[in-house]
Each structure stands twice: as structure tokens, then as C-alpha cells.
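Work through the exercises below with the sequence and the model side by side. Try each task before reading its solution.

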Amino acid sequence: MIGILVLVIACIVIVKLISYKYWTCIYTALGNENYYKAVAKLEREGIPFKTKTPMNLGTENFQNRHETTQYDVFVKKELEHIAQRAINKN
């Protein structure tokens, strides 16, 4: 039973790694507000994106974690320049 669980987890990890192969990180936001501003700009331009949130273990300020959470925003490599322009617009 444990072997099957390990195999399933390994498959999930491999699929995630492969799915990010053709994507590139264009922006790292700290906090919910910065994240929502960035993805709103991408959505407005119709640019598909993925978000990865690394685990922030050891955060002492648990109540204000929404201000310190890191969000990595990925877009397809061929859309990188368009997405960068969209993110940098005012």
C-alpha cells in the first residue's frame, strides 16, 4: 500500500515537472495584493499563466502570511516578452 502511494506521488511530481518545461517564470510577487495586480494584467491581455507557491515554512507571522506569501507566475516561453510588457504597464 505504501509503495503504491509513493508511486502515485512520484507520478504527480514528474507530471508537474514536465508541465513546467515549456513555461518560464516572469514575475515573483510577495503578498496577495502584488499577486492579484500582476495576474489581473495578464488576464486583461488574455495571456494564460500558471502560479507556483513555494512553501513558506517557518513563517513566524502566521496571521499576516497573506502579506509575505511568495507567488511565482509562469507563462509559456513564446509569450514571455508580451507578458513582461503587460506586467510592466501601469
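**Exercise 1: A surface patch**

Met1, Ile4, Val8 and Ile12 make a nonpolar surface patch of about 450 Å². Patches are built from residues with over 30% relative accessible area and no salt bridge; like charges are joined within 9 Å, nonpolar side chains (Val, Leu, Ile, Met, Phe, Trp, Tyr) within 5 Å. Areas come from the Shrake-Rupley method with a 1.4 Å probe, and for residues only the protein chains shown count as cover. The model is predicted: local features need pLDDT of at least 70, side-chain atom pairs count only at pLDDT 80 or more, and totals for chains, interfaces and linings use all residues. Residues are numbered from 1 along each chain as its sequence is written, and side-chain values use heavy atoms, leaving out hydrogens and water.

Task: Place isoleucine 12 in the secondary structure, and classify its accessibility.

Solution. Isoleucine 12 sits in helix α1, residues 2–19. Helices (H or I, at least four residues) and strands (E, at least two) are DSSP runs, numbered from the N terminus. The relative accessibility of isoleucine 12 is 46%, so this residue counts as partly exposed. The classes are buried (under 20% relative accessible area), exposed (over 50%) and partly exposed in between, with a 1.4 Å probe and protein chains only.

**Exercise 2: The fold and its core**

Task: Give the order of helices and strands, then find which elements supply at least two residues each to the largest nonpolar core.

Solution. Begin with the chain: four helices and three strands. Along the sequence they run α-β-α-β-α-β-α. Next, take the core, which has 13 residues. A nonpolar core is a set of buried Ala, Val, Leu, Ile, Met, Phe, Trp, Tyr and Cys residues joined through side-chain atoms within 4.5 Å. Ile26, Tyr35, Leu42, Ile47, Val75 and Ala83 have the most contacts inside it. At least two core residues come from each of β1 (23–30), α2 (32–45), β3 (70–76) and α4 (80–88). Helix α2 gives the largest share, four residues.

Now zoom in on one core residue. Isoleucine 26 is in strand β1. Isoleucine 26 is buried, at 8% relative accessible area. Setting aside neighbours within four places in sequence, isoleucine 26 contacts Leu42, Val73, Val75, Glu80, Ala83, Gln84 and Ile87. Contact means heavy atoms within 4.5 Å.

**Exercise 3: Aromatic rings**

Task: How are the rings of tyrosine 35 and tyrosine 71 arranged?

Solution. Count first: there are two aromatic pairs. Rings of Phe, Tyr and Trp (its six-membered ring) pair if their centres lie within 6.5 Å; planes under 30 degrees apart are stacked, over 60 edge-to-face, the rest tilted. For tyrosine 35 and tyrosine 71, the centres are 4.4 Å apart and the planes at 20 degrees, so the pair is stacked. Tyrosine 35 belongs to helix α2 and tyrosine 71 to strand β3, so the pair ties together parts 36 residues apart in sequence. Both tyrosines, 35 and 71, are buried. Tyr35, Tyr36 and Tyr71 form one aromatic cluster.

**Exercise 4: Salt bridges**

Task: How many salt bridges does the whole structure hold, and where do the partners lie?

Solution. The search finds two. A salt bridge is a side-chain nitrogen of Lys or Arg within 4 Å of a carboxyl oxygen of Asp or Glu.

- Glutamate 33 pairs with lysine 37, closest N and O atoms 3.3 Å apart. Both lie in helix α2, four residues apart, about one turn of the helix. Glutamate 33 is exposed at 57%; lysine 37 is partly exposed at 46%.
- Lysine 89 pairs with glutamate 45 at 3.2 Å between the closest N and O atoms. Lysine 89 lies in the segment after α4 and glutamate 45 in helix α2, so the pair ties together parts 44 residues apart in sequence.
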